[in-house]
Amino acid sequence: MLVSGSGTNLQALIDASSAAEYGAQIVAVGADRDGIEGLARAERHGIPTFVLPTSQFEDRPAWDVALADKVASYEPDLVVLAGFMKLAGPAFLALFGGRTLNTHPALSPAFPGMHGPRDALAYGVKITGATLFVVDEGVDTGPIVAQVAVPVLDGDDESTLHERIKTSERAMLVEWVGALARNGFHLDDRAVRLGGDTHDHQP
Ligand code: GRF
């Protein structure tokens, strides 16, 4: 898993994967910055961690190659980005395209980017939510695995709305990462279908 922040989505997956029947284990947690709660959560559970700040690399493509190599060293079947505030680059997608998931706190295709809850509030929508998708080269544009709707309530600010979204987002993530890991999945154009061997997928 890759994280940049508090890691409550990570925690939900850590908790779920403590049951053998869940069907997925977290082999490593990586981050683009040090000192975040997401890494501390992994460490408390004995999960290997690594940190690759972009500032330690000459440019973004060099970071992208290093990230791809580092993730590959753990031989994951799936990569889950949860609150990871960097875009996957071409080197990463060459290795992990089609089997990297990300979760976005809005109902795609509405409100892509870094401020989904804020943008939904500013627009005045009454329903927003979260979207789990297969990462492609765009910003929150990949094939959709699952979505969950969340109401916007009178008096919401960005924080209260985002927290409500995150409660549903975590449940969606746990449900679907488990289902994808247990069943495998494949892409049929933009449809994500359960079944099929994710291991054999070539981007
Ligand atoms: C989630 O809402 C995620 O979709 C967004 O940032 C939040 C991360 O939360 N990109 P956490 O770090 O898992 O608590």
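By class, the shell of residues around the ligand in this predicted model is made up of one nonpolar, nine polar and two charged residues. A reader new to the structure may like to meet these residues by name. Gly5, Ser6, Gly7, Thr8 and Asn9 belong to the shell, as do Gly83, Thr103, His104 and Pro105, and the list is completed by His162, Lys166 and Glu169. Under the classes used here, Pro105 is the nonpolar member, while Lys166 and Glu169 are the charged ones.

Three side chains in this group come with distances to the ligand. In the side chain of Glu169, an N or O atom lies 2.4 Å from an oxygen atom of the ligand. For Lys166, the distance from a side-chain N or O atom to a ligand oxygen is 2.7 Å. The side chain of His162 likewise places an N or O atom 2.7 Å from an oxygen of the ligand. Considered on its own, the ligand would expose 370 Å², and the protein buries 91% of that area. As for its location, the ligand sits in the largest pocket.

It is helpful next to see which parts of the fold supply the shell. Two or more residues come from each of helix H1 (8–17), strand E5 (100–104) and helix H6 (158–183). Of the elements, H6 gives the largest share, with three residues. On the scale of domains, both domain 1 (1–96) and domain 2 (103–203) contribute, each with at least three residues of the shell.

Two features of the backbone also deserve a friendly introduction. One is a cis peptide bond, which runs from Ser108 to Pro109 and has an omega near 10°. Pro109 is found in the loop that links E5 to helix H5 (116–123); E5 is also one of the elements that give two or more residues to the ligand shell. The other feature concerns Glu75, a residue other than glycine whose phi is positive, with a value near 50°. Glu75 has its place in the loop between helix H3 (60–73) and strand E4 (79–81).

Notes:
Residues are numbered from 1 along each chain as its sequence is written. This is a predicted model: local features need pLDDT of at least 70, side-chain atom pairs count only at pLDDT 80 or more; totals for chains, interfaces and linings use all residues. Side-chain values use heavy atoms; hydrogens and water are left out. A residue is near a molecule or strand if one of its heavy atoms lies within 4 Å of it. A polar contact is a pair of N or O atoms within 3.5 Å; within protein, one must be able to donate a hydrogen and the other to accept it, and residues adjacent in sequence count only if both atoms are side-chain atoms. Accessible areas come from the Shrake-Rupley method with a 1.4 Å probe; for residues, only the protein chains shown count as cover. On a 1 Å grid over the protein atoms alone, a cavity is a set of points where a 1.4 Å probe fits but cannot get out, and a pocket is an open set with protein on both sides within 12 Å along at least five of seven lines; lining residues have an atom within 4 Å of a point. A molecule sits in a cavity or pocket if more than half of its atoms lie within 2 Å of its grid points. Helices (H or I, at least four residues) and strands (E, at least two) are DSSP runs, numbered from the N terminus. Domain bounds come from an automatic or database domain assignment.
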